[in-house]
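Thanks for asking me to look this one over. Here are my notes, in numbered points, to read with the model open beside you.

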Amino acid sequence: MIRREKYTELKDLLDTFPAVALFGPRQAGKTTLALEIAKDFISIYLDLESEEDRAKLANPAYYLENHKDKLVILDEVQRIPGIFLELRSIIDKNRRTGKPTGQFLLLGSASIDLLKQSEKTLAGLIAYCELSPITVSEYPENIDQLWLRGWLP
């Protein structure tokens, strides 16, 4: 795996904010980075492209209450746009009971609507981290290969 420069920044944001949104273009490595970060936390990963994982969030408050001691990673969060109101309530409840940071890592493509909705609903509770394609400093050994792949992993 290529060690991404955003790894430390993302980990620091999770240690500071209850929710962090990691966004960027498709295939930039958001899921791979999130799964690498998950190794540093007690965590659970839900891929919202999966019907099975989306079904787990049919009642988000109930499901997430059972995982309040974990970092919950929601991949492709734009698939459930109404989730942000639920997350706000859960974050507030968890903060009152002693878990102020590192509750949710939200992954999605850089959608203006998604960013506006999460920013409005989770104001003051969410930080944003944009993941760009691979940089030369992250993978200097083979710049020609990166060039041919459009800087994607």
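1. A word on terms before the loops and helices come up: helices of at least four residues and strands of at least two are DSSP runs, numbered from the N terminus. Please also keep in mind that this is a predicted model. With that naming, E76 sits in the loop between β3 and α5. Its phi is positive, about 60°, although E76 is not a glycine. Is E76 buried or exposed? E76 has a relative accessibility of 9%, and therefore counts as buried, the limit being under 20%.

2. A companion to that residue is Q27, where phi is near 70°, again a positive value in a residue other than glycine. Most residues other than glycine have a negative phi, so both places deserve a look. Q27 belongs to the loop between β1 and α2 (30–38). Here the relative accessibility is 63%, so Q27 counts as exposed.

3. Now the interior. The largest nonpolar core is made of 22 residues. Those with the most contacts inside it are L57, L64, L74, L87, F104, L106 and L122. Two or more residues each come from β1 (19–24), β2 (43–47), α4 (60–65), β3 (71–75), α5 (83–96) and β4 (104–109). Which element gives the most to this core? That is α5, with five residues.

4. L122 is a good place to start when you inspect that core. Apart from neighbours within four places in sequence, L122 is in contact with F84, L87, R88, I91 and L106. There is also a second, separate core of 17 residues, with L10, L14, V20 and L71 among them.

5. Next, helix α2. Its buried residues are K30, L33, A34, I37 and A38. Why do they lie on the same side of α2? Because they cover an arc of only 145° around the axis. The cover over these buried residues includes α1, β1, β2, β3 and β4.

6. On to charged pairs. Side chains of opposite charge can pair when their charged atoms come close. How many salt bridges does the structure hold? There are seven. One of them joins E9 and K6, with the closest N and O atoms 3.1 Å apart. Both residues lie in helix α1 (residues 6–14), three residues apart, or about one turn of the helix. E9 counts as partly exposed at 34% relative accessibility, and K6 counts as partly exposed at 25%.

7. Helix α3 (residues 51–56) holds a pair with the spacing of three residues, about one turn of the helix: D53 and K56. Their side chains meet in a salt bridge at 3.3 Å, N to O. In an α-helix there are 3.6 residues a turn, so residues three or four places apart point the same way. Within this pair, D53 is buried, with a relative accessible area of 11%, whereas K56 is partly exposed, with 32%.

8. The salt bridge between K93 and E65 (3.3 Å, N to O) links distant parts of the chain. K93 belongs to helix α5 and E65 to helix α4, 28 residues apart. K93 counts as partly exposed at 40% relative accessibility, and E65 counts as partly exposed at 28%. Salt bridges that share partners join E65, K68 and K93 into one network.

9. Last, the empty space. Rolling a probe the size of a water molecule over the atoms shows where such space is left. The count comes to two cavities of 30 Å³ or more. The second largest cavity has about 30 Å³ of space. Which residues line the second largest cavity? They are L64, H67, K68, K70, V72, I90, N94, Q103 and F104. Two of these names have come up already: L64 and F104 are listed with the most contacts inside the largest nonpolar core. K68 was met too, in the network with E65 and K93.

10. Among those lining residues, H67 may interest you. H67 lies in the loop between α4 and β3. Its relative accessible area is 14%, so H67 is buried. Leaving aside neighbours within four places in sequence, H67 is in contact with I44 and V72. V72 also lines the second largest cavity.

How values were computed: Residues are numbered from 1 along each chain as its sequence is written. This is a predicted model: local features need pLDDT of at least 70, side-chain atom pairs count only at pLDDT 80 or more; totals for chains, interfaces and linings use all residues. Side-chain values use heavy atoms; hydrogens and water are left out. A nonpolar core is a set of buried Ala, Val, Leu, Ile, Met, Phe, Trp, Tyr and Cys residues joined through side-chain atoms within 4.5 Å. Buried means under 20% relative accessible area, exposed over 50%, partly exposed in between (1.4 Å probe, protein chains only). Contact means heavy atoms within 4.5 Å. A salt bridge is a side-chain nitrogen of Lys or Arg within 4 Å of a carboxyl oxygen of Asp or Glu. The arc is that of the directions from the helix axis to the C-beta atoms. On a 1 Å grid over the protein atoms alone, a cavity is a set of points where a 1.4 Å probe fits but cannot get out, and a pocket is an open set with protein on both sides within 12 Å along at least five of seven lines; lining residues have an atom within 4 Å of a point. Grid points are joined across faces, edges and corners, and a volume is the space filled by probe spheres set on the points.
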